Amino acid sequence: MSESVRSRRKTRTGVVVGDRADKTVTVIVERRFAHPLYGKQVKRTTKYHAHDETNEYRVGDTVSIMETRPLSKTKRWRVVELIERPA
């Protein structure tokens, strides 16, 4: 696969909120935007199921995830890297 195709894949940064499933983590991603009418900053969250091949990520870890081919019924993302681990 060429490097240009990989660079077009979506990436997100979020916090692991679930690690019970085998080789899967649940990552919550928060996005902020201005309300279209009132202009106030609004927060919305989305949960993604991401592939974790080695079961190394734990609840509370901040991770980067990347879009990938469908891996199961709900998994369309994989964990790329650990950004921060809480003390």
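The legends below accompany close-up views of a predicted model.

**View 1. Three salt bridges turn up when the whole structure is searched.**
Let us start with the charged pairs, which the next three views take in turn. As general background, side chains of opposite charge can pair when their charged atoms come close.

**View 2. Arg58 and Asp19 join their side chains in a salt bridge.**
The N to O distance here is 3.5 Å. Which parts of the chain does this pair link? Arg58 sits in the loop between strand 3 and strand 4, while Asp19 belongs to the loop between strand 1 (11-18) and strand 2 (24-34), and 39 residues separate the two in sequence. Arg58 has a relative accessible area of 41%, so it is partly exposed. Asp19 is also partly exposed, because its relative accessibility is 24%.

**View 3. Glu53 and Lys23 form a salt bridge between two loops.**
Here the side chains meet at 3.0 Å, N to O. The pair links distant parts of the chain: Glu53 comes from the loop between strand 3 and strand 4, Lys23 from the loop between strand 1 and strand 2, and they stand 30 residues apart. With a relative accessibility of 49%, Glu53 counts as partly exposed. Lys23 is partly exposed too, at a relative accessible area of 32%.

**View 4. A salt bridge brings together the side chains of Asp61 and Arg85.**
The N to O distance is 2.7 Å. Asp61 lies in the loop between strand 3 and strand 4, whereas Arg85 is found in the segment after strand 5, 24 residues away along the chain. Is Asp61 buried or exposed? Its relative accessible area is 1%, so Asp61 is buried. Arg85, by contrast, is partly exposed, with a relative accessible area of 43%.

**View 5. Thr54 is an exposed residue in the loop between strand 3 (41-51) and strand 4 (62-67).**
Why does Thr54 count as exposed? Because its relative accessibility is 53%, and the cut-off for exposed is over 50%. The Thr54 side chain makes a polar contact of 3.0 Å with the side chain of Glu56. Look also for Lys23, the salt-bridge partner of Glu53: the C-alpha atoms of Thr54 and Lys23 are 6.5 Å apart, although their positions lie 31 residues apart along the chain.

**View 6. Thr68 is a buried residue in the loop between strand 4 and strand 5 (77-84).**
Thr68 counts as buried because its relative accessibility is 17%, and buried means under 20%. Which residues does Thr68 touch once neighbours within four places in sequence are set aside? The contacts are Arg9, Arg76, Trp77 and Arg78.

**View 7. Pro86 lies in the segment after strand 5 and touches Gly60 and Asp61.**
Those two contacts leave aside the neighbours of Pro86 within four places in sequence. Asp61 is a residue we have already met, as the salt-bridge partner of Arg85. Pro86 itself is partly exposed, because its relative accessibility is 47%. Arg58 makes a useful second landmark: its C-alpha atom is 9.8 Å from that of Pro86, and the two residues are 28 apart in sequence. Arg58 also returns us to View 2, where its side chain meets that of Asp19 in a salt bridge.

Methods
Residues numbered from 1 in each chain as written. Predicted model: local features only at pLDDT ≥ 70, side-chain atom pairs only at ≥ 80, totals over all residues. Heavy atoms only, no water. Helix = DSSP H or I, 4+ residues; strand = E, 2+ residues; numbered from the N terminus. Buried < 20%, exposed > 50% of the residue type's maximum accessible area, 1.4 Å probe, protein only. Polar contact = N/O pair within 3.5 Å; in protein donor to acceptor, adjacent residues only side chain to side chain. Contact = heavy atoms within 4.5 Å. Salt bridge = Lys/Arg side-chain N within 4 Å of Asp/Glu carboxyl O.
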